[in-house]
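Got the viewer open? Let's go round this one stop by stop, with a selection to make at each.

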Amino acid sequence: MKKFLATLLASVMVVSCLAGCGKTDDKTETKSSAVESSVVATADGEMTLAQKAIADRKAEAEKTGKYEKIVVSFFDWTGAPAGLDRINQKLSAHTEETLGVDVELLIIDSAAYSDDIKLMLSSGEQVDLFSTCGPGYMTCVNNGYTADLEENGLLDNYGAGLKDVVRSDYFDACRVGGKLFGVPPIKDYAIQTAAVCIGTEYLEGAGVDLSKFGKDSLGYYKCTWEDIDDMFAKMHAAFPDKIVYSTQDNMLSQGSCVDPVGGDYYGSLLDPANSLKVENVYESEIFKTWCDRFYRWNQAGYISGDALTDKNGASARIKSGAYMAMMACGKPAYENQISGECGRPMTVFDVGEPFMSSSAVSSFPWCMNQSTEDPIAAMQVLEALYTDPVVANLACWGEEGVEYVVNPDTTINWGPGVDSTNSEYYPNVLWLMPNQYAAHVWEGDPVDVGEQTAAFNDNCPVKSKALGFTWDNSEYAATYTTLQNAYEEYAGKVIYGFVEPEAGLKELNDALKAAGLEEYMAAKQKALDEWAK
Amino acid sequence: MRSDKKFQIFSHGVLIVFSLLALMPMILMFTSSLTDNSELIASGYTYFPKKWSVYAYEYIFSTGNSVVHAYGISLILTFLGTVLALTITTLLAYAISKKDMPGRKVITFLIVFSMLFNGGLVPTYIIYTNLLGIKNSFWALLVPGLLMNGFNVMLMKSYFVSSIPEEILDAAYIDGASETRTFLSVVIPLSKPILATIALFAGIAYWNDWMNGYIYLTKRTDLYSVQNLLNRMMQNIQFLSQSSSNVQNANVGLSAIPMASVRMAMAVVGILPIIIIYPFVQKYFVKGITLGGVKG
Amino acid sequence: MKNEQKGYGNRKTLKKRIRRFLPMYIMALPGLLYLFINNYMPLPGLVLAFKKFNAKKGIFGSDFIGLKNFEPLFKTKDAFVITRNTILYNLAFIVINTVLAVFVAIMLAEMTSKLKKTYQCLILLPFMISMVIVSYLVFGFFSNDNGFVNNTLLKLMGKEPIQWYMEKKYWPFIIVFVNAWKVTGYNCIIYLSAILGIDRGIYESAAIDGCSKWRQITKITIPLLKPTIIMMTLLAIGRIFYSDFGLFYQVPMNQGALFKVTNTIDTYVYRGLVQDGNYGISSAAGLYQSLVGFILILAANLSVKKIEPESALF
């Protein structure tokens, strides 16, 4: 029987090897030939390299009668939209003219995207460009899914237009070990921390006088935590049946300027604008202040007894009418958005400060698959996604006259008979698209929202010194796993104020230290120091 | 006979308790699917909601979510899958139930081994996608993982070994029946309970599966089964509520999803056909086997 | 097939035996083919457990890193807790679920009333819903503020509400109960079909001899169920290092305060992987679970072979 098994296993190995290895060999060949051809093209003086590449592809298409195809993948909320084929045809009709390629958008629903895209990238299926929102940028880089965008002058020769829309320091923020693996989507990178959102009706009902508060640069009421305490007390007295505060574990991520450098809070920068010292945030005053605050709120009855277990979103709870306030982070035009989410007019109070963390820009850049057969074409399509309004509009909004119509002021609205429930193309993920500002602006938003956002980013006064630092923690996977489990075990009680902070924090910190926090922090500090050099 | 009567009363008592235990949470699921979403969040799940609402069902059946189409796919898939799975499983199980067959132990070992070890998601995916090329096709729903599993084979083999006496088979052979005929006209009729069991298990597995669609149907959402559709909705809801602080901009349309009640309504939609179809399968579980007739 | 080849007990050469069983091999073929494609072809992928996966290099070309991927399973102070929990829960499941399933199956099989169809259907229902839904139903009962238990049951009894999701001591019972609730209907079908496979003639003659129902059950049904019970137990032992992720992660709502009694190998690994999605570590965990199960099943099978050779798996 042993012999039989051995034979069987061996034959299995052979078959799978053939299947697997054969594939990779193909890839390497095509890749090296692509690089060669770019060298050949250099000798040709008349056209720019980019134009030459386009002309070559068109000539090739004329010969074979078929354009080569670039597949672009990202997620939406419902999976492939009904009108996707039509949009892909429109898109290709345009890009055949401008770039000499067909473009296929491959849209997968948000829940499956992360697993699906990793499988496709692991197995060598055709995906040329993809959004890392879902699997995560560092995961993609660590697993070797991503191509170096600057190899052989790829970006300079074929994606120069990208440099006009993405600032060089934002490119640098996406570098890992000096190599550029991704281009950040153009969006808000900075946040206005600690935006406390309170239902306007509750403020009125509790008789809160808003006239004493000034406004910040985004137009939100500027106030202190004492003011918030004061308002909560009044609201609690006026609406004893309602729960004051709708919790979520965002005190650090949205309520502070602590930088989770390297991707997690196990070792963070407490003063990221000025210092690169990795410290234990859970022993810091910042964290203790939060725990004290929540303990006070919990004792005062502002927090639900189910805060630890309730998995509903903070805004969904407010929408239900049982909760009155929550905290998020502010940005331009946020009050409209949160009011929509909470199903009632909300008033936003700015208790924090503007901040841009080290990972804000590199949280989900667009990447190119390392096994793409034609990196040049892929780069040119990427450039078009950022710079060509026709491409951007099709990808973001669908077909003009069907999915949307353009108003005289260039804003857009639903096409005839179309709304969010029956639109055949409505991905609704503008914020992960390469450049939403290359496309039209939706009616109701300021036409210059792109400029406003750019200004908000560029003028952010507290930018992390570690902007662009990334860290591969796979050497410390065991420690990380233990830390994560220790955090989950001890943090919940203390961050929502169910235990006395002094004791709760000690318990949390003891557990984290026993799990190897110090060793982990030291490793992170070392990597950071090396990066800073 | 008195003891029998006592036994019957006792059994009714116990089974009523068990059934109620199973039923009560189901009713809670049903009533909460019909409760207004805001009330669910504010005051929790209840058997007697103050505010009823069918909005969760409207949401599920609204345009864009072609639940009826998906029901069709699920039914075809479950039917085909069950027939195929039952056939393959029965044939293999019968073969390894033969005590004298050379290689029987090796095959049995290979089956048990396959229940313990698996190559993992990535290699399996590569085999099915690159080698067999079934991605984005109906085959992707039918074949990977579900067509046969070691557990069912072992279960069936155990039934063949313990419930089909060798004497009956011998009698058939002596009568001149071929192996195939013996199998079809002696073994199969005597195996109705286990055939019904495996058919039910395979059917449930196919009906409940969403993993295959999740992984292999990236372009063909028109092939989504009911569970794929429901799971997509459910997972998207979860994705949103979990990453709302990372995905800072989760847009307005999303908060319109009545999450709490939709979750429950989806469970009801997914389970309903089983409740309808189950009684038809059940008749095979009712009567025992009498060997007397065959022995005759 | 020819008649003269039939008949049992004759010593024959291997070649002849193989020829006699040719139809059997043909019958086994589709199943074996599927087994090969679905289970054995991906197996070489297990090397991922010893590699740092890199898509550029492929599964087989990725760098070999020894046992590093196994570290999260062993090099941690939680290793003891997660291993203990996984094993103890599984042992409890094996005993309790088997007893319940056999018990219910016997009652269903012996019941004369038409109602048995209804019972059987109802008891199977919980198996049909996903663990996520189960977790919300459990939450409906045990929620601190709005739960049925705190708000109705304990109030009626005049007792103080309990913070269920913060009290470790209740959860082993809740988890065992939920699991039994979910799978009893499914498992009992297995035993039910085995009971129905018993020749009714045996019962009839026993009844004529004046055998009481109870004696019929203990003297006929249970002994004849033994092979099935042994097989089910052996197979369960093979999966003793695995745990139902939904049951241990979703149902306790991933509550940190309950980790001491709810953390298993699967949930532990998952929590560490959420961020990184490392294929190497997940395949290492899987390999570890499989190996232990494999060794245990071999050992258990060996002892069964000694005591009751008929019931051994192979």
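**Stop 1: the domains of chain A**

Start by colouring chain A by its domain assignment: domain 1 (45–187 + 360–470), domain 2 (191–355) and domain 3 (473–532), with bounds that come from an automatic or database domain assignment. A word on what you're looking at: this is a predicted model, where local features need pLDDT of at least 70, side-chain atom pairs count only at pLDDT 80 or more, and totals for chains, interfaces and linings use all residues. Residues are numbered from 1 along each chain as its sequence is written, while chains are lettered from A and ligands numbered from 1 in the order in which they are written.

Now select domains 1 and 2 of chain A, whose C-alpha centres lie 34 Å apart. Where they meet, 14 residues of domain 1 of chain A are in contact with 16 residues of domain 2 of chain A (contact means C-beta atoms, placed from the backbone, within 7 Å). On the domain 1 side, helix α16 (residues 449–458) of chain A gives the most, with four residues. Helices here are DSSP runs (H or I, at least four residues), as are strands (E, at least two), numbered from the N terminus. By class, that domain 1 side has eight nonpolar, three polar and three charged residues; Ala, Val, Leu, Ile, Met, Phe, Trp, Tyr, Cys and Pro count as nonpolar, Asp, Glu, Lys and Arg as charged, and the others, Gly among them, as polar.

**Stop 2: a sheet in chain A**

Next, pick out the open five-stranded sheet of chain A, ordered β2-β1-β3-β16-β6 with mixed pairing (strands pair if DSSP finds at least two bridges between them). Which strands stand at the edges? They are β2 (102–109) and β6 (182–183) of chain A, each with a single partner strand, so one side of each has no neighbour in the sheet. Zoom in on β1 (residues 69–76) and β3 (residues 129–131) of chain A, which run parallel and are joined by two bridges. A:S73 has A:F130 in β3(A) as its bridge partner. Then add helix α4 (residues 110–123) of chain A, which packs on the sheet, touches β1, β2 and β3 of chain A, and makes about 115° with the direction of β2(A) (axes are lines fitted to C-alpha atoms, for helices over the stretch in contact, and angles run from 0 to 180 degrees between N-to-C directions).

**Stop 3: chain B against chain C**

Switch to chain B, which has 15 helices and zero strands. Its contact with chain C takes 86 residues from chain B and 82 residues from chain C. Helix α1 (residues 2–33) of chain B gives the most to the chain B side, with 16 residues. That side has 53 nonpolar, 25 polar and eight charged residues.

**Stop 4: chain C against chain A**

Over here, 38 residues of chain C are in contact with 37 residues of chain A. On the chain C side, the elements giving two or more residues are α3 (58–61), α4 (71–74) and α14 (265–273) of chain C.

**Stop 5: one residue of chain C**

Finish on C:L88, in helix α5 (residues 79–110) of chain C. Is C:L88 buried or partly exposed? C:L88 is partly exposed, with 13 other C-beta atoms within 10 Å (20 or more would make a residue buried, 12 or fewer exposed, and partly exposed is in between, with C-beta atoms placed from the backbone). Add C:I240: the two C-alpha atoms are separated by 8.9 Å, with the residues 152 apart along the chain.

Key: Two residues are in contact if their C-beta atoms, placed from the backbone, lie within 7 Å.
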